[in-house]
Amino acid sequence: MAIEDDVTVVGGGIAGMTAALAAAREGVDVRLLSHKDSTLKSASGLVDVLGYLPESDGEGPLSDPFEAIPQLPDAHPYRTVGVEGVREALAVFDGVVGDRYRGDHTDRNALVPTHGGAVKPTARYPASAAAGLASDDRSALLVGFETVTDFDAPLAADHLESAGVPFAARGATISFPGDFRVDAKITRFADALDADERVAVQGDGYTTELPVREALAEAVKPHLRGAERVGFPALLGQHRPDEVRESLEAELGAAVFEVPMGPPSIPGMRLEGALTGACREAGVRFTTGNPVVDYEEGGRAGSEDIAAVRVERNGAAIPFHADQFVLATGGLVGKGIDSDREGVAEPIFDCHVPHSGDRYDWFADAAFGDHPFARFGVETDDDLRPLDRRGDVEFPNLRAAGAVLGGHDFAAEKSGAGVSLATGVAAGRSAAKEVSDS
């Protein structure tokens with residue numbers, strides 16, 4: 001029996017998940033196809049909407065991203081979905097994450113310290129990071145661990161003070177209490193804190209056992225020196241972060257916050273869990289572990305519709321049929337856009353990706369310049385359907401969402417999660433409406 005759904009979404013990142021969720025909530029059958037682990041495990045867990053205008057040369061950050069959206073170039077994905085499209089997507093996000101996130105009380109960006117000691121303008125941030133905002137003038141101690149080398153707490157504190165934050169910052173590096181392996185993953189520390197495991201602690205000539213939360217607080221206390229809040233790398237529990245923070249706050253007598261980290265990202269895993277749960281509750285079916293490699297044409301007689309996508313499994317190409325499709329496979333980093341010496345391409349549907357034929361035009365001279373390759377991606381019409389080189393719709397039943405879209409530099413603008421959310425919700429709803437109207 002053929003595998004057939006109303007809407008098939010290709011891609012399991014934030015754009016794919018929100019597209020699938022939005023479509024399913026419109027009452028149609030939805031399947032999400034994903035090859036590898038969700039890219040959310042590599043994401044910080046922060047939701048940036050727009051931190052800087054394109055070609056702003058680092059000026060900023062923007063205080064109100066919604067005021068700036070109408071100033072963006074016509075090719076920018078936000079100009080397709082509009083300010084209201086961004087607001088609607090954030091409302092969907094807020095409904096999924098509930099009180100696990102903050103920032104929905106205002107249009108203004110919050111400034112969240114990162115593990116490198118910079119501050120990132122972001123519209124939504126985990127509740128676990130709330131006490132660490134750079135706009136807060138309370139003194140802060142950053143605590144790193146000897147074996148978590150991605151976070152150099154003293155260096156990050158120095159960078160924050162150099163950036164002009166309105167508070168005193170110090171950093172200290174300590175050993176995580178207990179007998180953990182030198183190469184223990186941060187998920188191992190998070191699990192130990194979730195369970196409040198008992199760990200061996202060396203005293204002055206003796207060894208005893210303490211719950212790990214208490215043991216961690218005892219290790220931090222000699223460095224506290226009146227700091228009003230304490231920041232740890234984001235590993236304070238995978239499943240009970242609120243409980244872990246409350247325990248540490250009670251022991252330390254200071255506010256506790258997490259500093260978002262690079263991959264693997266526990267806040268990203270928490271967000272993935274929330275979105276996956278919402279998708280399953282809405283009825284989305286997941287098929288994971290194998291790549292989508294091709295497609296079949298001819299969905300409707302006489303049309304240029306896509307009939308199915310083919311998933312490579314054990315040497316066979318398995319077709320997944322649907323009425324509508326959403327492409328959410330990521331950009332150059334996620335391999336949703338591919339490049340070689342011959343050109344730039346979208347590898348599944350071979351959608352047109354505008355680019356210069358001269359590879360030297362893809363780059364700026366300065367290492368941190370305005371590189372054209374950062375904006376590579378497919379162009380779309382007002383319904384997010386990819387356009388060919390003549391400006392015509394490539395496939396009537398295909399929409400694109402997230403980083404596969406061109407016209408924006410998400411890293412420079414700090415707009416990646418916002419674009420994925422807004423275009424994901426818009427593409428999913430539009431695909432579902434097409435099914436309902438047919």
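Which residues does threonine 380 touch, not counting residues up to four places away in sequence? They are Thr80, Arg385, Pro386, Leu387, Ala400 and Leu405.

## Threonine 380 and its loop

This is a predicted model. Threonine 380 sits in the loop that links β18 (343-345) with β19 (398-400). One of its contacts is Ala400. Another is Thr80. Between threonine 380 and serine 38, the C-alpha distance is 25 Å, and 342 residues separate the two in sequence.

## Strands around β16

Strand β16 covers residues 316-327. Its pairing with β1 is parallel and has seven bridges. Within that pairing, aspartate 5 is bridged to alanine 322 of β16. β16 also runs parallel to β19, joined by three bridges. There, phenylalanine 325 has leucine 398 of β19 as its bridge partner.

Strand β15 (residues 306-313) pairs with β16 in the antiparallel sense, over six bridges. Arginine 313 is bridged to alanine 316 in β16. The two strands make a hairpin with two residues between them. Asparagine 314 in this hairpin has a positive phi, near 55 degrees.

## Glycine 11, just after β1

Glycine 11 belongs to the loop between β1 (3-10) and α1 (14-24). Is glycine 11 buried or exposed? Its relative accessibility is 9%, so it counts as buried. A residue must fall under 20% to be called buried.

Leaving out residues up to four places away in sequence, glycine 11 touches Gly16, Met17, Leu32, Leu33 and Ala328. Arginine 229 is 39 Å from glycine 11, C-alpha to C-alpha, and 218 residues away in sequence.

## The parallel four-stranded sheet

An open sheet is built from four strands in the order β8-β7-β11-β12, with parallel pairing. Its edges are β8 (169-174) and β12 (255-259), each of which pairs on one side only. On average, neighbouring strands in this sheet are turned by 25 degrees against each other, direction ignored.

Strand β7 (residues 140-145) and strand β11 (residues 229-233) run parallel and share three bridges. Leucine 142 pairs with glycine 231 of β11 in one bridge. Helix α4 (residues 153-162) lies across β7 and β8. The helix runs at about 170 degrees to β8.

## The β9-β10 hairpin

Strand β9 (residues 198-202) pairs with strand β10 (residues 207-211). The sense is antiparallel, and there are five bridges. Glutamine 202 is bridged to threonine 207 in β10. Four residues lie between the strands of this hairpin. In the turn, glycine 205 has a positive phi of about 85 degrees.

## A helix crossing: α3 and α8

How do the axes of helix α3 (residues 77-97) and helix α8 (residues 266-282) cross, and within what distance do they come? They come within 9 Å and cross at roughly 95 degrees. The two helices are therefore roughly perpendicular to each other.

From α3, the contact uses Phe93, Val96 and Val97. From α8, it uses Leu271, Ala274, Leu275 and Ala278. By class, seven of the contact residues are nonpolar, with no polar and no charged residues.

## Backbone exceptions

Most residues other than glycine have a negative phi, and most peptide bonds are trans. The peptide bond from proline 263 to proline 264 is cis, with omega near -10 degrees. Proline 264 is placed in the loop between β12 and α8.

Aspartate 196 has a positive phi, near 50 degrees. Its place is the loop between α5 (186-195) and β9. At 26% relative accessibility, this aspartate counts as partly exposed. Arginine 225 also has a positive phi, near 45 degrees. It lies in the loop between α6 (212-224) and β11. Its relative accessibility is 65%, so arginine 225 counts as exposed.

## Cysteines

A disulfide is a covalent bond between the sulfur atoms of two cysteines. How many disulfides does the model have? The count is zero, with a cut-off of 2.5 Å between cysteine sulfur atoms. Cysteine 279 has 0% relative accessibility and so counts as buried. Cysteine 351 is buried too, with a relative accessible area of 2%.

Definitions and conventions. Residues are numbered from 1 along each chain as its sequence is written. This is a predicted model: local features need pLDDT of at least 70, side-chain atom pairs count only at pLDDT 80 or more; totals for chains, interfaces and linings use all residues. Side-chain values use heavy atoms; hydrogens and water are left out. Axes are lines fitted to C-alpha atoms, for helices over the stretch in contact, and angles run from 0 to 180 degrees between N-to-C directions. Angles under 35 degrees count as roughly parallel, over 145 as roughly antiparallel, 65 to 115 as roughly perpendicular and the rest as oblique. Contact means heavy atoms within 4.5 Å. Ala, Val, Leu, Ile, Met, Phe, Trp, Tyr, Cys and Pro count as nonpolar, Asp, Glu, Lys and Arg as charged, and the others, Gly among them, as polar. Buried means under 20% relative accessible area, exposed over 50%, partly exposed in between (1.4 Å probe, protein chains only). Two strands pair if DSSP finds at least two bridges between them.
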